[in-house]
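Student: I should like to understand how the terms applied to a structure are justified. May we go through some of them together?

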Amino acid sequence: MKPLRGSGKKKDNQSIVRILWIGLMILVINMVLFMLHIYDVQRRFRTVKIEEVYQNLKSTEFVLEAEYDDAKNNLNQIAKGIGRDSSALESEDALFRMLANCNAGERYDSLYFITDDGEMYGDDGSKTQLDTRQLKDVFMVKKATIRVAEDEYAEDGNGIIYYLQPVSVSGQKVGQLLAKVRMTEFFETEAFEHLRETGDLFLVSGEGDIFLRDTKMFVDYGEMYRNIFELLTEMAADKVSLKNITDLSAKSKVLGSDGDSKYIYLKTTMVDKYGMRDYIEFRGTNSLKNVYLVSIYPETVYTDVTKPLLFRTLMVSCIFFLITVSMVTYMWWTSKVSGDMIKKLAYEDPVTGGMNDNYFRENAPRIIWDNSSIPYVVTRFDIANFRYINEAYGHVRADELLRIIMRECGRIFTGKEFCARMTADQFLLLARNDQSFEAKFEELLKEINEQAKEIGIMFPIRLKRGIYPVRRDDSDIGIIIDHANAARKSLTGDEKVLVATYSEQIVSQMFLNDKIESEMENAMKTEEFKVFIQAKWDIKNDHVHGGEALVRWIKPDGSRIFPDQFIPVFEKNGFVEKLDMYMLEQVCKHQRQLIDEGREIYPISVNQSRLLMHNPDYLPQVERLMKKYRIPNGFVEIEITETVFQDERALMIHTTNELKKMDIVLDMDDFGSGYSSLNMLKDVPFDVIKIDREFFSESITSEASVWILQKIIEMAEGLGIRILCEGVENEEQVKLLRELGCYYVQGYFYSKPMPFDEYMDKYCKIKEGGKEYYDSLYESQHEVRETRRKDEEAKAGASVASAVEQFKKSYKEAPKRPENEKKDSVEKEENKDSEKKEKRISSEEMKLAYLMEGEQKNKDSKKEEKKEASDQKDKKDGSDAAMSAADAVRMMKQKMAAEDSEKKAEKEKEKQAMSAAEAVRMMKQKMAVKDGEEKPAEEKKEES
């Protein structure tokens, strides 16, 4: 019996629907629970915050009580002191001195002594006669009393507290002390800090008269009202709030009608005009009768705390919702596609036959846990430059190399140690962290190299290792593997020993690199890369000679990222190309700014990286910048390190020669730091050599270094190259260089790197007619360049035309001998072959002509460079302005010399044309001989 079609499908559909319903029910239940949780959290936070404010009010009231009692007790001690020693009452002067001494610490704003006759003496030396009302109603008391003034206020509207203390001598009252304290003093104490941060704070009477205030919420209305209930009535936004305020006013008047506000506590709420619910709390004080401490705070004091929590709760809810939906969808999809809900992970690596990453992650934690007394290390390693091995020897041998590594790891690391392959050429190794670990790894590396040679891989195998020592508190194998990988990735591949151990510094550096890469594009758009200039100095004339442009990354908040942090990152990801062109354009822009302002300018050198020099668009970009900003020759220099020429040397030499054709001054940076500097001098038209600071620093203490430095200077002078020494930091170095004949230096002894504006203000002074001078200089130099370019194009065209004409004259077509149709067809084929040969010969001729023309151009260029170098040597001791003028004169001389050399060039062209024609004839004869050998024997007989 055949199975019913669709029965399985129906069953599957039923299970899928059941899964969906279960998932939906779980989702609804969890959403309800989340909502209840949110409500409960909000309610609890509100209760806690209200209780916190109440406790703060209570604590503040206790602090006020302590302040009152302390002030009252202090006044009582003063009265007792007068009672024991009444000499202070014998004269007005003695009384004034006593009051001043008693209030020397300025505990009270004012301290007075009032006689029974109404005469009031102050600590400030004042004497006042009180009227009868003041004596009777305010200041005359029989016992110590604290009162709040109801009809006398300070200019800022704050109330005043009066402390009254009778003074008796021998049991007879002779007067009383009066201490005056402004209520403002209380709000400045730490006890009120929490209440002031929470909301608005007031000291009021039972009738609501405000003695003291500190407002934030009602700052726009607070100063307009002298009564708290009037203020609250004005701020109430609905009828319920008005009723609450009315009830609060009535209760405070009733409770405080007997003049005793002790332990009175009132509380209510209102909605203000801003739509905010406010809480109002009244609390009475024991020492001050009918005086209340009022705190008004908004509901945001707890909602601001709960909102982040509620937001996180909501986010968790949403995440849970998405997870639930994803799980249900995934279960439905997997059920529909395959019906297999669980799949067993494959532990075997298909390439090497060993264990894979999944096996390592499952078994490594068990081994570490079961052998907690043994220290372990997890190593993540790969093969350095494995891509080159793949390309050079093929995938078959590369895979065999991977199998060798897995096999040897299994042989060397045994027992409770094992190795697994992750992906590509990356491996994971769990090994004991003891003294034998390094010895085992050295043995592994040795065996791998020996067996690699046996399969034909002669490339030396190096393993790049990241090590993480497992700690007792580690609980996640994934984090352990990531830490080992972080250590591995910190290696660049150029290290002598390719091993790194995980540290927090490595992680910090990785985070910093990621941060730099994420911000670099925006930093360039917002011009956070600033141009700093380190001045170069002419020590012979003691005058600035120019500067070097250095990049500084300064963020809007003033923080900096240092060059040694971001330059290596940029060199690795290629962003250094954009940065170099950005710096070049910024320097051109600044130089043009100085010219437009009529200031004197000096040459500024800009560093250019190897990556940028390899860019085919580099030369057009440089030429575009020079034309855009119209910078005269020599005022923007390009610095190139000698390491640039290590790769693609011919291309780099071509690039530098093209820069020289633009009249760009070239500086060789870090001379002496490599192995090919002298070789560079004969191939690259450098104008300036910068002696590396490391080389120069040894010259002070080494006689051999001094001798070498002297010979370098002499050699450079002979080649017409200017020498500049970097890293000059003291007078001793300057003296040595002056004796050796090196007159241009750069270093902290003369100038540190400074912002361009500072460099401009310090060195680039206003020059009369400066703009016109530099603009005319540029125009004259530009005209010379254009003339030279046209002459070169004309020479190239003439050479090619001459070679072609010569070829045409020397070429003779073979006569036709048509005898029959067969011969005609053969002749046609020969004609076609002849045309192909002619085109091939013509092409070869053109190439040869171009090569000869290029050789001639190089000879002319070298002649011009030698002449230019000699001119620079003659004028290098002058000032910068004089050098600029000399450049203009030299360019005019070059123009005249170019005209004189045209005649010689014509003769050279004729020789070249003859040589080219001879070469073409020889080529033609060769090809004719070759074609003749290929003809059939019968045709050769016919021709004979």
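Tutor: The following discussion concerns salt bridges, burial and one sheet.
This is a predicted model, in which local features need pLDDT of at least 70 and side-chain atom pairs count only at pLDDT 80 or more, while totals for chains, interfaces and linings use all residues. Residues are numbered from 1 along each chain as its sequence is written, and side-chain values use heavy atoms, with hydrogens and water left out.

Student: Why is the contact of Lys440 with Glu417 called a salt bridge?

Tutor: The term requires a side-chain nitrogen of Lys or Arg within 4 Å of a carboxyl oxygen of Asp or Glu. The closest N and O atoms of Lys440 and Glu417 are 3.1 Å apart, so the pair satisfies that definition. Lys440 belongs to helix H11 (residues 436-454), whereas Glu417 lies in the loop between helix H10 (386-412) and strand E14 (418-421). The two are 23 residues apart and link distant parts of the chain. Helices (H or I, at least four residues) and strands (E, at least two) are DSSP runs, numbered from the N terminus.

Student: What makes Glu417 count as buried or exposed?

Tutor: Buried means under 20% relative accessible area, exposed over 50%, and partly exposed in between, with a 1.4 Å probe and protein chains only. Glu417 has 5% relative accessibility and therefore counts as buried.

Student: How do you know which class Lys661 and Glu658 belong to?

Tutor: Lys661 has 36% relative accessibility, so Lys661 counts as partly exposed. Glu658, at 22%, is therefore partly exposed. Their side chains meet in a salt bridge of 3.3 Å, N to O. Both lie in helix H18 (residues 649-661), three residues apart, about one turn of the helix.

Student: What sets the salt bridge of Asp663 and Arg785 in its place in the chain?

Tutor: Asp663 is in the loop between H18 and strand E23 (665-671), and Arg785 is in helix H24 (residues 770-810), 122 residues apart. Their N-to-O distance is 3.2 Å, and both residues are buried.

Student: Why are strands E12 and E17 said to stand at the edges of the sheet?

Tutor: The open sheet has six strands in the order E12-E14-E15-E13-E16-E17, with mixed pairing. Strand E12 (355-356) and strand E17 (499-501) each have a single partner strand, so one side of each is left without a neighbour in the sheet.

Student: What makes E13 and E16 a pair?

Tutor: Two strands pair if DSSP finds at least two bridges between them. Seven bridges join strand E13 (residues 376-383) to strand E16 (residues 463-469), so the definition is met. The two strands run antiparallel, and the bridge partner of Arg380 in E16 is Gly466.
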